[in-house]
Number of protein chains: 4
Amino acid sequence: MTGDSAAMVAGVTKKTELLVRQLVLPVEEQHGGNAHDLPDDVRRALQTAARTAGVFAPQVGAAFGGLGLNMRDRAPVFEASGYSLFGPVAQNCAAPDEGNMHLMERLASPDQQLRYLVPLAAGRIRSCFAMTEPMPGNGFDPSALHTTAEKTSYGWVINGRKWFVTGADGSAFAIVVARTSGEPDSRSGATMFLVDAGSPGLRVQHDRGAHRTTTFARESELIFENLEVSDDMVLGEVDRGFDYAQTRLWNTRLTNCMRWLGSARRAADIAVARAANPSSSGDRLGDLGMVQHLIADNEIDIAASRGLVERACLLLDAGEPSAQATAIAKTFVAEAVGRVVDRSLQICSAPGNTEDAPLSWLYREVRLFRVDDGPLETQRWAIARRALRAADGRVS
Amino acid sequence: MTGDSAAMVAGVTKKTELLVRQLVLPVEEQHGGNAHDLPDDVRRALQTAARTAGVFAPQVGAAFGGLGLNMRDRAPVFEASGYSLFGPVAQNCAAPDEGNMHLMERLASPDQQLRYLVPLAAGRIRSCFAMTEPMPGNGFDPSALHTTAEKTSYGWVINGRKWFVTGADGSAFAIVVARTSGEPDSRSGATMFLVDAGSPGLRVQHDRGAHRTTTFARESELIFENLEVSDDMVLGEVDRGFDYAQTRLWNTRLTNCMRWLGSARRAADIAVARAANPSSSGDRLGDLGMVQHLIADNEIDIAASRGLVERACLLLDAGEPSAQATAIAKTFVAEAVGRVVDRSLQICSAPGNTEDAPLSWLYREVRLFRVDDGPLETQRWAIARRALRAADGRVS
Amino acid sequence: MTGDSAAMVAGVTKKTELLVRQLVLPVEEQHGGNAHDLPDDVRRALQTAARTAGVFAPQVGAAFGGLGLNMRDRAPVFEASGYSLFGPVAQNCAAPDEGNMHLMERLASPDQQLRYLVPLAAGRIRSCFAMTEPMPGNGFDPSALHTTAEKTSYGWVINGRKWFVTGADGSAFAIVVARTSGEPDSRSGATMFLVDAGSPGLRVQHDRGAHRTTTFARESELIFENLEVSDDMVLGEVDRGFDYAQTRLWNTRLTNCMRWLGSARRAADIAVARAANPSSSGDRLGDLGMVQHLIADNEIDIAASRGLVERACLLLDAGEPSAQATAIAKTFVAEAVGRVVDRSLQICSAPGNTEDAPLSWLYREVRLFRVDDGPLETQRWAIARRALRAADGRVS
Amino acid sequence: MTGDSAAMVAGVTKKTELLVRQLVLPVEEQHGGNAHDLPDDVRRALQTAARTAGVFAPQVGAAFGGLGLNMRDRAPVFEASGYSLFGPVAQNCAAPDEGNMHLMERLASPDQQLRYLVPLAAGRIRSCFAMTEPMPGNGFDPSALHTTAEKTSYGWVINGRKWFVTGADGSAFAIVVARTSGEPDSRSGATMFLVDAGSPGLRVQHDRGAHRTTTFARESELIFENLEVSDDMVLGEVDRGFDYAQTRLWNTRLTNCMRWLGSARRAADIAVARAANPSSSGDRLGDLGMVQHLIADNEIDIAASRGLVERACLLLDAGEPSAQATAIAKTFVAEAVGRVVDRSLQICSAPGNTEDAPLSWLYREVRLFRVDDGPLETQRWAIARRALRAADGRVS
């Protein structure tokens with residue numbers, strides 16, 4: 001990173017911090033923390049503010065109206081944005097749109113970009129990503145793809161079922177992964193399709209109990225019954241869907257880490273502010289050793305998380321192998337963010353559980369981070385396997 | 001414990017398990033897990049079923065219609081009851097009523113018992129306990145008692161404010177702790193009063209954001225403005241309120257542990273059932289080592305919790321010093337229960353977060369256990385102080 | 001436990017504490033902590049002192065000169081004994097002799113008892129237990145028994161190799177487990193033999209690097225080359241060796257826990273004494289919150305360990321299934337003891353690492369507890385498997 | 001870091017790895033792991049090999065014969081060197097010499113550099129650093145400096161006592177911190193002096209039990225009784241000793257982290273090699289989920305440690321405030337290294353405790369890392385205090 005780009009990134013980060021603190025947090029408080037139920041006009045107002053501040057769509061290429069930050073440069077910006085759960089909405093860098101834009105900048109045809117990416121990057125529409133399926137097995141295997149797309153003379157016919165589709169409600173289109181060749185469990189033969197909302201043969205079931213878990217990640221089920229799509233709705237090449245999904249995943253794993261780090265930073269700040277606040281007698285929670293221990297461990301977890309994210313970003317930006325680095329970052333950061341929010345709640349104790357409502361929201365939200373693209377156990381399995389393979393290499 | 005009493009306790013435990021699984025869990029599912037919003041008729045139906053099963057009010061003396069189990073004997077019964085958050089409601093052994101009955105059996109005058117304890121023990125009315133106050137300081141000090149009761153010619157006049165009063169909504173009376181002598185922070189001079197709901201000078205503010213944290217522990221704020229009570233509303237002796245509160249606390253700390261252990265057992269059972277369930281391909285989550293690790297640690301945490309509760313109960317039943325043992329049990333069990341629920345969620349992963357709704361409820365509920373009668377840091381401080389005092393004793 | 005027996009156990013415990021503090025600890029300090037290199041005369045002097053104090057061989061039946069305590073009653077006594085690593089030597093309840101006596105009281109013929117158990121119980125000789133073998137595989141399977149005993153007209157011929165045989169140096173005899181039927185990995189077909197030291201065909205290799213790890217658990221390798229034993233050297237019945245080994249293991253797992261708890265208590269006491277010691281300026285480490293946290297967690301770990309040991313002992317004494325309870329106790333206690341010693345070292349910091357030498361000894365010693373009869377991962381696997389089987393039972 | 005310098009650093013790292021694996025590890029094995037008892041000729045042979053390989057004194061400026069790597073660039077080199085406890089000896093970048101060279105390059109006068117730094121940088125002599133004193137208080141306060149240097153007409157007279165002086169045995173000189181003004185506990189008024197070994201008035205007591213803890217960090221006590229030094233033995237300026245010590249500490253905290261990371265990498269490699277090794281039946285430990293968990297957590301801990309060290313190095317190289325970053329790195333890395341070695345021992349289980357001796361050495365060595373420049377609790381206190389101060393800043 002040259003001095004110029006460092007200064008630019010620092011500037012965007014600073015502006016994002018101001019935007020979030022001055023404009024986004026008040027909106028968050030007013031709307032009870034539920035980003036997915038945000039009225040459209042409020043959403044647009046936030047996005048206008050972000051555009052005015054010069055921090056809109058930081059991850060999108062200039063050709064599509066964004067700032068074109070690479071992974072490393074977007075890390076501090078996304079963290080600052082994630083300080084409020086509404087920040088990424090304001091800046092149009094929230095999941096799942098952000099990962100979809102990432103994919104479409106690289107894979108979409110000019111026509112597809114014009115029709116889908118341009119309005120998406122501008123914040124005029126929203127989108128979703130439909131890959132995960134109801135698990136017949138143990139849920140540890142992403143290659144268990146049962147949704148099929150069969151070739152016809154005029155295009156493709158899709159049949160199957162997807163669940164845990166975040167943000168489907170209100171989306172203008174979905175990126176759908178379906179099997180175009182191979183057996184249900186083979187690790188190739190997937191293809192990505194663009195599917196318009198309201199297409200005949202597409203049924204959406206909202207809110208299968210998801211509201212019990214979290215007020216934010218509104219999730220839906222998508223059912224495809226002989227849904228027909230034309231050939232020009234294939235995203236990228238036929239049968240390369242797993243590769244693309246992997247690419248998207250390496251990206252979103254890190255951008256998720258960045259945004260969640262904002263949540264962790266916020267929780268830690270709430271707790272430190274509480275601990276720094278003197279009582280009438282002048283005592284402070286922050287003078288107690290056990291509270292200092294919790295505060296210090298929060299700072300350590302956040303710093304270690306940032307370091308891991310940055311190292312993985314550098315590899316990704318350089319086009320070097322990053323599967324191990326992103327898996328390590330995801331695993332550590334997901335658990336660290338959970339610990340930070342939990343410690344912050346402990347510092348604020350019973351009053352913190354109710355009055356400082358954000359801690360309660362965050363507590364439930366961040367729990368999902370440890371299971372959201374497969375449980376962390378799967379990551380650890382992959383991390384260990386790579387370490388063992390390296391040892392095999394040394395032995396032979 | 002003689003053989004006879006052991007057999008009796010085993011019988012009550014077994015009957016409680018049946019009651020909870022066959023009658024209480026279906027009601028819980030139907031009412032979305034919120035015990036405090038339970039309609040009165042449902043509540044009464046559950047209590048009738050418990051009475052019919054011979055497991056009503058297991059902790060109350062026979063004179064008041066209960067089974068008269070001592071602390072040790074009630075441990076397995078309360079755990080079985082706590083398997084559902086509605087179990088203790090059915091058996092009339094839920095907080096805060098259970099602690100209030102404990103206190104009133106020991107302290108209340110015959111008239112007070114007739115008027116308050118008899119209907120409470122029978123489940124005809126509910127009650128609450130008002131001790132915690134909005135903290136001017138750091139919230140670590142129970143002796144920071146600012147609510148006052150001043151002696152008048154006709155009785156007492158109470159002024160002050162209490163919060164985190166669980167279950168105040170719908171209670172027929174409250175046990176209120178107020179200062180009758182000494183400075184605001186002195187460790188003596190408190191007195192307990194019985195206060196009828198609807199008394200002039202009593203104002204109740206419900207739900208100060210508490211619904212955000214949890215659907216179960218409906219908490220309120222009580223404001224006393226020149227509330228007048230007569231002398232016969234003093235519970236026990238004047239100026240001995242802190243001692244009584246301590247006695248109540250040692251008791252409820254353990255009964256809380258017992259009930260929460262039921263929550264832990266339930267979460268662990270849900271997770272084991274999920275892990276034991278073979279997929280279409282015959283694989284089971286429970287065959288994976290990392291899942292086995294989580295399962296084993298759940299069993300270990302539950303067993304260790306039970307051991308600590310039992311040891312503390314034996315001391316309490318024998319009238320021996322139990323402050324250290326109850327503090328240790330509370331600290332370990334509160335954290336262990338949290339770990340068990342968290343691991344169970346991890347085993348069930350994303351689907352477990354939504355479909356198996358009880359895990360989501362439990363996750364939020366059990367978090368409160370680590371802050372509810374003062375944060376665990378306070379317990380650790382007290383535990384260490386006693387260990388250090390013992391060392392001082394050895395030195396001198 | 002009746003009141004009488006409780007008073008008796010309390011008395012033996014108290015006497016053991018006095019013995020250890022007044023006589024054993026000074027010897028330990030003088031001999032640098034190495035119980036296995038203890039000169040025979042010192043060993044005998046310690047045993048005489050224990051006999052005089054009335055606390056010799058607490059676990060051995062009265063017929064063989066001991067106190068005949070059952071498992072539950074010996075728990076506090078063994079813990080008091082284990083306060084010094086030399087305590088169990090003084091009281092003749094150290095591993096591996098203690099487990100061997102346990103086995104021989106139950107299995108040995110009258111002749112075998114006269115010849116081996118009587119002098120062993122009296123402390124005149126020492127013994128060892130030879131079961132573990134150099135692992136061809138992954139070391140997780142106790143049934144991988146390759147040492148064989150073949151029947152001949154005059155008795156048996158043993159061939160094979162054992163390692164990690166604790167205390168072989170100086171033992172008068174060994175209990176050797178050899179395969180008398182079945183394939184090398186089958187879970188039956190083992191038999192136990194008594195083998196005299198110095199028998200032709202027995203070769204002992206001492207100290208295969210073991211001194212690097214620990215100064216106490218002197219371990220050896222035993223090689224059997226056509227070693228001949230007569231039929232009357234079979235301990236118990238032919239082909240039942242695995243059952244007996246299991247019985248011995250359930251016993252020694254718990255007695256190990258008891259003795260190691262003594263180590264934990266000692267480490268915690270050293271740390272608390274350090275923390276309670278005021279500096280010239282009157283400050284104490286024990287006034288610092290982070291140190292209080294460490295102290296409190298030590299107390300919690302010790303109390304939880306005791307609870308688990310007691311619960312498993314009660315089952316074992318009652319002849320009820322105890323495999324799950326002993327596995328849980330072993331797993332928790334082994335890790336808890338490690339944590340206690342580690343925290344104690346942290347409290348004493350650098351000076352504690354050198355001057356208070358016992359903490360340094362203990363740190364190395366207790367690490368072995370987590371791997372000594374198979375790594376704890378094996379225990380967790382077994383604990384989880386039982387939990388899953390129970391779930392299967394509920395399902396069907 | 002430009003591309004050129006990155007390539008250079010990668011080259012030095014690669015050469016260091018080769019040197020350590022091919023030449024240093026065999027020497028380590030032969031000498032039982034004790035770097036401080038290494039015969040001088042062996043030490044010189046190792047240093048010659050490092051010089052020939054072009055990796056000698058990587059941290060020293062070119063003017064003094066080193067490679068002049070800044071903090072960030074030396075991180076991977078020191079980690080590769082620390083893979084063996086003898087690696088830093090070979091490369092002349094071991095503690096405490098490395099920190100002394102760092103200080104003397106910046107502070108020493110030309111004469112002092114010629115006389116002390118030149119031979120030290122060339123590996124011809126060794127040195128030590130004498131700051132820590134026997135603690136009158138709780139040992140948490142580095143400003144408790146009781147050793148005094150009084151001005152005389154001809155120079156200074158030093159009186160006092162230092163302990164935990166690593167490597168004093170065999171050192172040609174010591175850097176001694178003594179109080180030249182202010183009260184014993186004031187945070188200013190310290191001065192650094194160069195003191196030749198063998199000076200009248202200097203007494204060295206070796207090995208105050210330190211050998212019990214560790215075979216490597218040979219520590220001594222230094223007693224100064226009217227030791228006279230001339231004015232030209234003052235290092236830097238009078239009364240600025242605390243600042244210099246702080247500077248040295250920020251540097252050595254990180255270089256310690258780098259070297260210890262080498263220990264962690266080695267332990268993890270030993271464990272992975274064990275886990276990757278198939279048994280006769282083809283099973284591998286590495287196929288078991290619980291072992292994979294341990295392996296993955298090792299990789300995560302090492303990666304997170306590297307990230308924190310790198311971030312702190314960048315600040316230090318840039319001359320930006322780095323106290324928080326170095327304290328965070330030290331705290332996390334010290335604990336992470338301990339966890340890695342402990343998990344590696346667990347993977348290798350009992351055989352790993354003896355046969356793979358390096359794990360046993362490492363286990364004892366790395367424990368010291370958590371207490372060596374003040375216990376980690378002190379670091380956490382400082383980290384929390386800075387976080388609280390930042391909150392105060394935001395409030396006001």
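The following dialogue explains how to read confidence, domains, chain contacts and strand pairing in a predicted model.

User: What is the mean pLDDT of chain A, and what share of its residues reach 70 or more?

Analyst: The structure is a predicted model, and confidence is therefore a suitable starting point, since pLDDT is the predictor's confidence in each residue. For chain A the mean pLDDT is 89, and 89% of the residues reach 70 or more. The model as a whole scores ipTM 0.92 and pTM 0.94.

User: Which elements of chain A have the lowest and the highest mean pLDDT?

Analyst: The lowest mean, 38, belongs to helix 7 of chain A (residues 210-213), whereas the highest, 98, belongs to strand 8 of chain A (residues 234-235). Over residues 208-216 of chain A, pLDDT stays under 50. The model has 28 contacts beyond four places in sequence for that stretch. Where pLDDT is low, the predicted coordinates should not be read in detail.

User: Which domains does the assignment give for chain A?

Analyst: The assignment gives domain 1 (3-94), domain 2 (127-239) and domain 3 (242-395). Between domain 1 and domain 3 of chain A, the centres, taken over C-alpha atoms, are separated by 20 Å. Their contact takes 15 residues from domain 1 of chain A and 18 residues from domain 3 of chain A. On the domain 1 side, helix 3 (71-81) and helix 4 (87-90) of chain A are the elements that give two or more residues. Helix 3 of chain A provides the largest share, eight residues. By class, this side of domain 1 of chain A has seven nonpolar, five polar and three charged residues.

User: How many residues of chain C are in contact with chain B?

Analyst: A contact between chains may be read in the same manner, by counts, elements and classes. Here 29 residues of chain C are in contact with 29 residues of chain B. On the chain C side, at least two residues each come from helix 8 (241-276), helix 9 (289-317), helix 10 (323-354) and helix 12 (376-395). Helix 9 of chain C supplies the largest share, twelve residues. By class, the side of chain C that touches chain B has 19 nonpolar, five polar and five charged residues.

User: Which strands of chain D are joined to strand 7 of chain D, and how do they run?

Analyst: In a regular strand the side chains alternate between the two faces of the sheet. In chain D, strand 3 (residues 155-166) and strand 7 (residues 219-230) run antiparallel and are joined by nine bridges. Within strand 7 of chain D, Phe224(D) is the bridge partner of Gly160(D). Strand 6 of chain D (residues 202-206) also runs antiparallel to strand 7 of chain D, with five bridges joining them. Leu222(D), in strand 7 of chain D, stands opposite Val204(D).

Conventions: Residues numbered from 1 in each chain as written. Chains lettered and ligands numbered in written order. Predicted model: local features only at pLDDT ≥ 70, side-chain atom pairs only at ≥ 80, totals over all residues. pLDDT = per-residue confidence, 0-100. Helix = DSSP H or I, 4+ residues; strand = E, 2+ residues; numbered from the N terminus. Contact = placed C-beta atoms within 7 Å. Nonpolar A, V, L, I, M, F, W, Y, C, P; charged D, E, K, R; others polar. Domains from an automatic or database assignment. Pairing = 2+ DSSP bridges.
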